[in-house]
Structures are given as structure tokens and as C-alpha cells.
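Q: Please examine one part of the following model closely and set it in its surroundings. A connected account in full sentences would be welcome.
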Amino acid sequence: MNSVIVDAEDKMKKTIASLKDGFAAIRTGRASVALFDKIRVDAYGDKQPINQVAAISTPEARLVVISPWDKTLVGEIEKAIRSSELSLNPSSDGKVIRINIPPLTEERRKELAKAAKTQAEQCRVSIRNVRRDGNDELKKQLKASAITEDEEKKLSDELQKLTGAYIKDIDKILAEKEKEILEV
């Protein structure tokens with residue numbers, strides 16, 4: 001297989017992974033451990049990811065429980081969650097932090113669905129840019145006589161099929177996320 005196709009597929013896979021990471025951070029009406037992936041806590045003189053200083057669990061559909069391994073970090077974790085863009089209000093008993101995930105308003109659901117669509121569209125554009133770069137590279141190889149016109153055509157078609165498959169993946173991932181967001 002040509003290195004152009006291999007490189008393009010690798011970049012497309014990374015784009016999909018990036019989309020999934022972005023979607024994990026979008027709050028739905030349900031409790032999710034992934035909501036806290038981007039939150040950093042001041043701990044031990046440095047900013048640490050919350051999942052490296054505490055155990056996070058979701059015992060109920062609308063409840064997140066955070067159990068810090070070092071109880072002196074309870075206040076810092078609460079502060080980090082309050083100052084995050086999640087708009088959540090944690091409460092603690094000094095040992096464990098509990099966060100009730102309130103149901104989303106209809107308006108907020110629509111905003112989140114729109115944000116998800118925007119992320120998905122940016123992802124589609126990235127995939128198409130990878131295709132364009134791959135086609136440019138194939139043209140350079142053709143010009144340098146590294147490949148024949150038939151090979152260039154075949155590889156270009158293969159690149160197009162790859163692009164179509166990854167865009168279908170994006171559409172499927174977006175549909176699932178929209179369903180999750182709009183679910184009451």
C-alpha cells in the first residue's frame with residue numbers, strides 16, 4: 001500500500017479520536033466520568049488531571065462521586081470543578097465529593113447539539129483536507145515519475161473511498177451524541 005494512503009488513514013483516525021474526545025467533554029443530562037477529563041487540580045505544586053488524584057464513579061444516572069486519595073485535596077478539587085465550564089456545584093463531607101447532574105433545559109440541549117454539529121463539521125473539513133493533501137502528494141509523485149497515471153488514479157480513488165468511510169463514521173458518531181444530548 002502506498003505511503004500516501006497509510007499517512008492519510010493515520011491522520012483520519014487521529015481526527016476521529018479527537019472528535020470522540022471532544023464529544024466526551026460535552027455534558028449531557030447523565031453523569032459521566034469523561035466530563036472531568038479536562039479538569040486540572042492544583043495538587044503538589046502542579047496542575048494534575050482530576051483522575052490522577054481521585055477515583056471518579058457514577059453510582060447513579062445523575063450522580064458523580066469523587067473520592068480523593070489525599071483528603072487534603074477535597075477543597076482544591078471542589079474549586080477546580082466550580083471554576084470549570086461544566087456549571088456544576090459539588091458538595092463534600094470532607095472526604096468524598098458528590099455532584100448531582102441536573103437535567104438540561106430544552107434550550108441548553110439545543111445549544112449542546114449545535115456545538116456537537118459544529119465540532120463534527122470541523123472534523124469533516126479536517127478529513128477533506130487530509131484527502132486534498134494526499135491527492136497533492138500523489139500528483140507530485142506522478143510528476144516525479146515515481147508512480148504511473150494509472151496508479152495515481154487508483155490511489156486517488158482509494159483516498160476518496162477512505163474519505164467517504166471516515167465522513168460516514170463522523171455522521172454516525174454525531175447522530176449518537178445528538179441522541180444522547182436530546183434524550184430527556
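What is the relative accessible area of Glu121?

A: Glu121 has a relative accessible area of 36% and is therefore partly exposed; buried means under 20%, exposed over 50%, and partly exposed in between, with a 1.4 Å probe and protein chains only. The model is predicted, so that local features need pLDDT of at least 70 and side-chain atom pairs count only at pLDDT 80 or more, while totals for chains, interfaces and linings use all residues. Residues are numbered from 1 along each chain as its sequence is written, and side-chain values use heavy atoms, with hydrogens and water left out.

The side chain of Glu121 meets that of Arg124 in a salt bridge, at 2.8 Å from N to O. A salt bridge here is a side-chain nitrogen of Lys or Arg within 4 Å of a carboxyl oxygen of Asp or Glu. Both Glu121 and Arg124 lie in helix α3, 3 residues apart, which is about one turn of the helix. Helices (H or I, at least four residues) and strands (E, at least two) are DSSP runs, numbered from the N terminus. Whereas Glu121 is partly exposed, Arg124 counts as buried, at 13% relative accessibility.

The structure holds 13 salt bridges, including two others that also lie within a single helix. In helix α2 (residues 74–83), Arg82 and Glu78 are 4 residues apart, about one turn of the helix. The closest N and O atoms of their salt bridge are 3.8 Å apart. Arg82 is partly exposed at 45% relative accessibility, while Glu78, at 12%, counts as buried.

In helix α4, Lys177 forms a salt bridge with Glu180, and their closest N and O atoms are 3.5 Å apart. Lys177 is buried, with a relative accessible area of 7%. Its partner Glu180 counts as partly exposed at 36% relative accessibility. Glu121 itself belongs to a network in which salt bridges that share partners join Glu121, Arg124, Arg128 and Asp171.

Beyond its salt bridge, Lys177 is in contact with Phe23, Ile26 and Thr28, leaving aside its neighbours within four places in sequence; contact means heavy atoms within 4.5 Å. The residues Phe23 and Lys177 both appear in the packing of α1 with α4.

Helix α3 (residues 106–143), the helix of Glu121, packs against helix α1 with their axes 10 Å apart and at an angle of about 170 degrees. Axes are lines fitted to C-alpha atoms, for helices over the stretch in contact, and angles run from 0 to 180 degrees between N-to-C directions. The two helices, α1 and α3, are therefore roughly antiparallel; angles over 145 degrees count as roughly antiparallel, under 35 as roughly parallel, 65 to 115 as roughly perpendicular and the rest as oblique. On the α1 side, this contact includes Val4, Ala8, Met12, Ile16 and Phe23, and on the α3 side Ala116, Cys123, Ile127, Val130 and Leu138 are among the residues that take part. By class, the residues of the contact of α1 with α3 divide into 12 nonpolar, 6 polar and 3 charged. Ala, Val, Leu, Ile, Met, Phe, Trp, Tyr, Cys and Pro count as nonpolar, Asp, Glu, Lys and Arg as charged, and the others, Gly among them, as polar.

Helix α1 (residues 3–24) also packs with α4 (residues 149–182), where the axes come within 11 Å and cross at roughly 10 degrees. The helices α1 and α4 are therefore roughly parallel to each other. Their contact includes Ile5, Met12, Leu19 and Phe23 in α1, which meet residues of α4 including Leu155, Leu162, Tyr166, Ile173 and Lys177. It comprises 13 nonpolar, 1 polar and 6 charged residues.

Away from these helices, strand β4 (residues 63–68) is mostly covered, with 5 of its 6 residues buried. Its pairing with strand β3 (residues 54–60) is antiparallel and has 5 bridges; two strands pair if DSSP finds at least two bridges between them. The strands β3 and β4 form a hairpin with 2 residues between them, and Glu60 stands opposite Leu63 in β4. Strand β4 is also joined by 4 bridges to strand β6 (residues 97–100), the two running antiparallel. The bridge partner of Leu63 in β6 is Asn100.
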